[in-house]
Amino acid sequence: MPDGPLLALDDLAAGGFAAAEAPVDGSVEALILHRDPDGGVRAWLNVCPHAGRRLDWAPGKFILSKDGLLVCAVHGASFETVGGVCTAGPCRGESLRAVAVVVRDGAVWLA
């Protein structure tokens, strides 16, 4: 478990994405954090199930489709932001690997 939060909640706008790094299953992993419009925060490993590449086009910069889907910058797979399920692209039906997080004391922490 990290000593501090992944990021301050105020640094993650409603509907926005951010990147963080944290230990997951014993190794430091890149994470995608998403704050839904209602204020809930979800996190996934920053790894597309199609080819094992990062989803961001530059560190911490993510593509959001006009339909509100998270889009992999490498091969265009599109993921819904509730469960991380791929709805279009080469890994349709697969999901991003969720990482449990909680919001407390104005910050996002690993659960």
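Is cysteine 48 buried or exposed? Select cysteine 48 in your viewer: at 3% relative accessibility, it counts as buried. You are looking at a predicted model, so every stop on this tour describes a computed structure.

**Stop 1: a pair of cysteines**

Keep cysteine 48 selected and add cysteine 72, which is buried as well, at 2% relative accessibility. Now put a distance label between the two sulfur atoms. The closest cysteine sulfur to that of cysteine 48 is the one in cysteine 72, 3.9 Å away, which is too far for a bond. A disulfide needs the two sulfur atoms within 2.5 Å, and by this rule the count comes to 0 disulfides.

Cysteine 48 also belongs to a nonpolar core of 13 residues, whose members include Ala77, Cys86 and Leu96. Colour those residues together to see the group. This core is separate from another one, which comes up later in the tour.

**Stop 2: arginine 53**

From cysteine 48, move on to arginine 53, in the loop between β4 and β5. Arginine 53 is partly exposed, with a relative accessible area of 47%. Show what lies around arginine 53: leaving out residues up to four places away in sequence, it touches Asn46, Val47, Cys48 and Val74. For a sense of scale, draw a line from the C-alpha atom of arginine 53 to that of proline 90. The two residues are 37 apart along the chain, and their C-alpha atoms are separated by 13 Å.

**Stop 3: the four-stranded sheet**

Next, switch to a cartoon view and pick out β5, β6, β7 and β8. In that order they make an open sheet of 4 strands with antiparallel pairing. Why does the sheet leave one side of β5 and one side of β8 without a neighbour? These two strands, residues 63-64 and 86-88, stand at the edges and have a single partner strand each, so one side of each has no neighbour in the sheet.

Zoom in on β5 and its partner β6, residues 70-71, which pair in the antiparallel sense over 2 bridges. To find one of these pairings, select leucine 64, whose bridge partner in β6 is leucine 70.

**Stop 4: the β2-β3 hairpin**

Now select residues 17-24 for β2 and 27-35 for β3. These strands run antiparallel and are joined by 8 bridges. Alanine 18 is a handy marker here, with leucine 33 as its bridge partner in β3.

Follow the chain to the turn of the hairpin, where 2 residues lie between the strands. One to select is aspartate 25, in the loop between β2 and β3. Its phi is near 50°, a positive value in a residue other than glycine. Most residues other than glycine have a negative phi. Aspartate 25 is exposed, with a relative accessible area of 66%.

**Stop 5: a buried aspartate**

Continue to aspartate 36, in the loop between β3 and β4. Unlike aspartate 25, which is exposed, aspartate 36 is buried, with a relative accessible area of 13%. What joins the side chains of aspartate 36 and arginine 42? Show both side chains and you will find a polar contact of 2.8 Å. Aspartate 36 also touches Ala14 and Gly15, with residues up to four places away in sequence not counted.

**Stop 6: the largest nonpolar core**

Select Leu6, Leu31, Leu33 and Val101. Of the 17 residues in the largest nonpolar core, these touch the most other members. The elements giving two or more residues to this core are β2, β3, β4 and β10, and the largest share, 4 residues, comes from β2.

Center the view on valine 101 to explore from there. Leaving aside neighbours within four places in sequence, its contacts include Leu6, Leu33, Val41, Val108 and Trp109. Arg42, the partner of aspartate 36 in the polar contact, is also among the contacts of valine 101.

**Stop 7: the three-stranded sheet**

Finish with β1, β10 and β9, which form an open sheet of 3 strands in that order, with antiparallel pairing. The edge strands are β1, residues 7-8, and β9, each pairing on one side only. Between β1 and β10 there are 2 bridges, and the bridge partner of alanine 8 in β10 is alanine 107.

Your last selection is aspartate 105, in the loop between β9 and β10. Aspartate 105 has a positive phi of about 55° although it is not a glycine, and at 73% relative accessibility it counts as exposed.

Key:
Residues are numbered from 1 along each chain as its sequence is written. This is a predicted model: local features need pLDDT of at least 70, side-chain atom pairs count only at pLDDT 80 or more; totals for chains, interfaces and linings use all residues. Side-chain values use heavy atoms; hydrogens and water are left out. Two strands pair if DSSP finds at least two bridges between them. A nonpolar core is a set of buried Ala, Val, Leu, Ile, Met, Phe, Trp, Tyr and Cys residues joined through side-chain atoms within 4.5 Å. Buried means under 20% relative accessible area, exposed over 50%, partly exposed in between (1.4 Å probe, protein chains only). Contact means heavy atoms within 4.5 Å. A polar contact is a pair of N or O atoms within 3.5 Å; within protein, one must be able to donate a hydrogen and the other to accept it, and residues adjacent in sequence count only if both atoms are side-chain atoms.
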